[in-house]
Structure formats: structure tokens, C-alpha cells
Amino acid sequence: MSEQVETADVIVVGAGPGGSATAAYLAQHGLDVLLLEKATFPRDKICGDGLTPRAVRELINLGVPTRPEDGWHRTRGLRIVGGGVRMELDWPGNETFPPYGLVRTRMDLDETLARHAERRGARLLEGMNVSGPVLDHRDHIVGVTAKVMGPNGRATGETREFRARVVVAADGNSSRLSLAMDRPKRDDRPMGVAVRSYFSTPRHDDGYLESWLELWTQDEDGARHLMPGYGWIFPLGDGTANVGLGILDTFKDFGNFDSREVMRRWVAEMPEEWGFSEETRLAPIRGAALPMCFNRQPLYDRGLLLVGDAGGMVNPFNGEGIAEAMEAGRYGAEIIASALARATPGETEAVLRSYPKVMKDALGGYFMLGKQFATLIGHPEVMRLAVRYGLPRKALMRLLIKIMANLPQERGGRLDDRVINALSRLTPAA
């Protein structure tokens, strides 16, 4: 076993969208950044692969090209199916958000963002499985230890140590680093579970994401129950589509059903035009947890700052987490850069401690609105009424798509923009 010590201004653990965005912004601020990724690219992540205009804004802010010729499939909006209704709603572009979404596999997206961070000056080290924090006499994190992984995904027996003034945990829902720093998950925040696979389909270049609002489970007596969640079909433009479903844990029978079986039954009932079958399924059905509403707090303490799923930043309205993770990376990098420019350790720490308030001001009220929404639709009768009476009203659905994808114009805008922003401000932050 050999051990090396390498230093930087900031260590970012995890090269998902949130970690790579953080590293890229930090490097743009002139800081020496180490971006540590457990796997070796390209590598997969369980996700729907669909990016709303909110996520597209973050890609544009980061300077990532989003043209179709760069490998992105562009979407016009969302097609909603349920309650006998089939409705197409275009993305509500405004001064804040572009009028289009994107689709790209996480296999491609994550490597694209990690290489972008490298080009901005971050030092990306792949195959670094961070095993724990390095603490100083105050119990502040001052670095991490990592097991070096081989191309086959197995530990080589080599360990390395990295030191920095600030460490960012962007290591996903399980966030081993957060747990080691006494940041357990809060049980008063909603969680979701998502499962997905890939299918070949003749409709791979459809211009709309498709969302099915009626998912059913069946108990031992044969009774069917409407579940709080939705099924999705996200065309990738490459001959395939990402097909999956997400379900909230506010459902009283959560954990008592097989989500993969729910998906199999749903896919079997798809219209023939999609061409979905066991023969056209290209990958296993795989699942992941969706941590919501800042379910791990504090977002900063003792030198460790949380970004993305590590801090529970998934939107409870629609299960999206990429936009929020990249947003947190942008805010976090600004705060870290400002903090490290201060003259004394006390001043640096005071600036770093502003991160939780900045994030709660940005997303906390909206997340708590989503928490209330998740609790409501956890009751099957509420979900049933919403599908039956809400879906046929196109004006209402236009408002809902703006709420659920968090797309109000940030300043001014139409009446609905101002109402959504006011509700988010008035709701106590998560």
C-alpha cells in the first residue's frame, strides 16, 4: 500500500452534474480544484435523462454548448396523458428560462460536464473512491482519503490522501462523506423512488417529453390503487427512449409493492406506436432513490458543503434534481471563492456559513410548497380528483407545468409568474 498527499484550495467529491458544475465555477474563479470521481468515465447513473428549461439555463450559464449537433435532443414541451386526456403543452419560455428542454443520457451528460470542468481548469481524478474525511483538532474537515479503483471497478490496494481548505460533498444520495460528518437524512422530508430502462422506438425523435399521470398498483385481493407519481417517456433522438416511473413515499403502501413490476405492467399497456416490449428493451430496469427538500442538513458545517442529492435537492413536484444540483454548484462556488478571499479564518468561516441561507432563499420555500403537494397527492382520492378534474383544463395545466418545473420568470413577468414567486417567498423555507 502506498499513500500520497495532494493539496488544493477546494476538493469536490463526485463528478455528477452538481459536482462538475461546482468544480467548473470554482476553477473559473481562479481556485485550484480537485474533482474526485469514484468511477471511470463513461459511467451510468439512474435518471430520466430529461432536462427542463431550468436545467438548460444552468448549462448555458456554465458555457456548455447545447446545440443538436453537440449531441442533445431538443424538446418543445411536455405531453400529459391521463384521465382520458392527451394534451401537449409547450415550455413557457420567458426572460429567465429558454423555451426548450433537452434530453441526453447520463452516460454522456456526466462525462460532458466533467470534461468541461477540466477545460475550465479543474483537476479531475477518476477512480478515486473517497472513503472518509480527514479532520483537524476542531473536528473540521481538511481533506479526504480515497481508495484507488482500477478500470475494472475494483480497489487496487492503493490509498491516497487529499487536503484542502474546503470540501464539497456532491457524492449522491448515499453521501458517505456526509454521514461520516454527522449529517444523517431527515425523516420529515419526502423521498421518491425511480426506476427506468431504455427501449428502441420508432418515435425516438419526438419533440415532447411524455408524462403519464395514472400509475396503478394491485393488492393481493386484486384491487387497484392509484399511486402518487408519474410514468415518463423521454425520447433521446438516437433510436431509443428512456422509459421509467417515479413514486413518492407519501403513498401509504409505499414499500409494499414492486416498482419494477408496476413499470412492466404500465409499459405492456403502452400504445403500439411506441414499439415497447420485452424484445425492444435494451437494458435492465434499474432503480434509485430521490432525496427531496434539503433532507440532509445543515448544508454547510465544519468545512463541508453539500451539493445536489447529497443535500437532498430533488424537486418534490417532478423529481428533477439536475437543475437544482447545478444551481447549488453555482451558488456554492461563488460563496467559496468569496470566503477564501477573506483575510482571516473567522471571516472565511462566516462567509461559508451563509450557504444554507442562500440555498434556502433560492429553493427552500418552493421545496416546502412541493412537500405539501407530495403529502396531498399521497392520498389516492386526492390524486384521483386531480386527474379527473384538473387535466381537462388546459389553462390550469399550463400553470401547473410552470409550477412543477419551477419555471416562473424570476422578476416581474405575468400574473402567474408573480403568484408562484410570492407563494414561494411566503412559504417557510425548508
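Trainee: Which residues does H116 touch, leaving out those up to four places away in sequence?
Mentor: This is a predicted model. In it, H116 sits in helix 3, residues 106-120. Setting aside residues up to four places away in sequence, its contacts are A24, L62, G63 and V64.

Trainee: Is H116 buried or exposed?
Mentor: Buried means under 20% relative accessible area. The relative accessible area of H116 is 3%. H116 is therefore buried.

Trainee: How many helices and strands does the protein have?
Mentor: Helix 3 is where H116 lies. Helix 9 holds G390. For the protein, the count is 11 helices and 22 strands.

Trainee: What is the radius of gyration of the protein, and what does the globule rule give for 430 residues?
Mentor: The two values are close, so the protein is as compact as a globular protein of that length. The C-alpha trace spans about 60 × 50 × 45 Å along the principal axes. The globule rule gives 22 Å, and the radius of gyration is 21 Å.

Trainee: What share of the 430 residues is buried?
Mentor: Take the cut-off of under 20% relative accessible area. H116 falls in this group, at 3%. Buried residues make up 57% of the 430.

Trainee: What share of the accessible surface belongs to carbon and sulfur atoms?
Mentor: Start with the accessible surface of the protein, about 17900 Å². The part that belongs to carbon and sulfur atoms is 51%.

Trainee: Among contacts with a separation of 6 or more, what share joins residues 24 or more positions apart?
Mentor: H116 in helix 3 gives an example of a contact across the sequence, with A24. For the protein, take the contacts with a separation of 6 or more. Residues 24 or more positions apart account for 71% of them.

Trainee: How far apart are the centres of the positive and negative side chains?
Mentor: There are 54 positive side chains and 56 negative ones. Each set has its centre. The two centres lie 3 Å apart.

Trainee: How many disulfides does the structure hold?
Mentor: A disulfide is a covalent bond between the sulfur atoms of two cysteines. For C47, the closest cysteine sulfur is in C293, 18 Å away, so it is too far for a bond. For C293, the closest is in C47, again too far at 18 Å. The number of disulfides is zero.

Trainee: What are the relative accessibilities of C47 and C293?
Mentor: The cut-off for buried is under 20%. C47 counts as buried, and C293 is buried too. The value for C47 is 18%, and for C293 it is 0%.

Trainee: Which residue does a cis peptide bond join to F41?
Mentor: Most peptide bonds are trans. Here omega is about 0°. The partner lies in the loop between strand 3 (33-37) and strand 4 (50-51). It is P42.

Trainee: Where is P298, the residue that follows the cis bond from Q297?
Mentor: The peptide bond from Q297 to P298 has omega near 0°, which is cis. P298 is in the loop between strand 20 (286-291) and strand 21 (300-301).

Trainee: What is phi of D49?
Mentor: Most residues other than glycine have a negative phi. D49 has a positive value. D49 lies in the loop between strand 3 and strand 4, and is buried at 1% relative accessible area. Its phi is near 75°.

Trainee: What is phi of F294?
Mentor: F294 is in the loop between strand 20 and strand 21. At 0% relative accessibility, F294 counts as buried. Its phi is also positive, in a residue other than glycine. The value is near 55°.

Trainee: How far apart in space are G390 and G83, C-alpha to C-alpha?
Mentor: G390 is in helix 9, residues 380-390. G390 is buried, with a relative accessible area of 9%. In sequence, G390 and G83 are 307 residues apart. In space, the C-alpha distance is 9.3 Å.

Trainee: Which residues are in contact with V387, leaving aside neighbours within four places in sequence?
Mentor: V387 is in helix 9 and counts as buried at 5% relative accessibility. V387 and L213 are 174 residues apart in sequence, yet 7.2 Å apart in space, C-alpha to C-alpha. The contacts of V387 are G82, G83, L213, E214 and P392.

Definitions and conventions: Residues are numbered from 1 along each chain as its sequence is written. This is a predicted model: local features need pLDDT of at least 70, side-chain atom pairs count only at pLDDT 80 or more; totals for chains, interfaces and linings use all residues. Side-chain values use heavy atoms; hydrogens and water are left out. Helices (H or I, at least four residues) and strands (E, at least two) are DSSP runs, numbered from the N terminus. Buried means under 20% relative accessible area, exposed over 50%, partly exposed in between (1.4 Å probe, protein chains only). Contact means heavy atoms within 4.5 Å. The radius of gyration is taken over C-alpha atoms; the globule rule is 2.2 Å times the number of residues to the power 0.38. Accessible areas come from the Shrake-Rupley method with a 1.4 Å probe; for residues, only the protein chains shown count as cover. Lys and Arg count as positive and Asp and Glu as negative; His and the chain ends are not counted. The place of a charge is taken as NZ of Lys, CZ of Arg, CG of Asp or CD of Glu. A disulfide is a pair of cysteine sulfur atoms within 2.5 Å.
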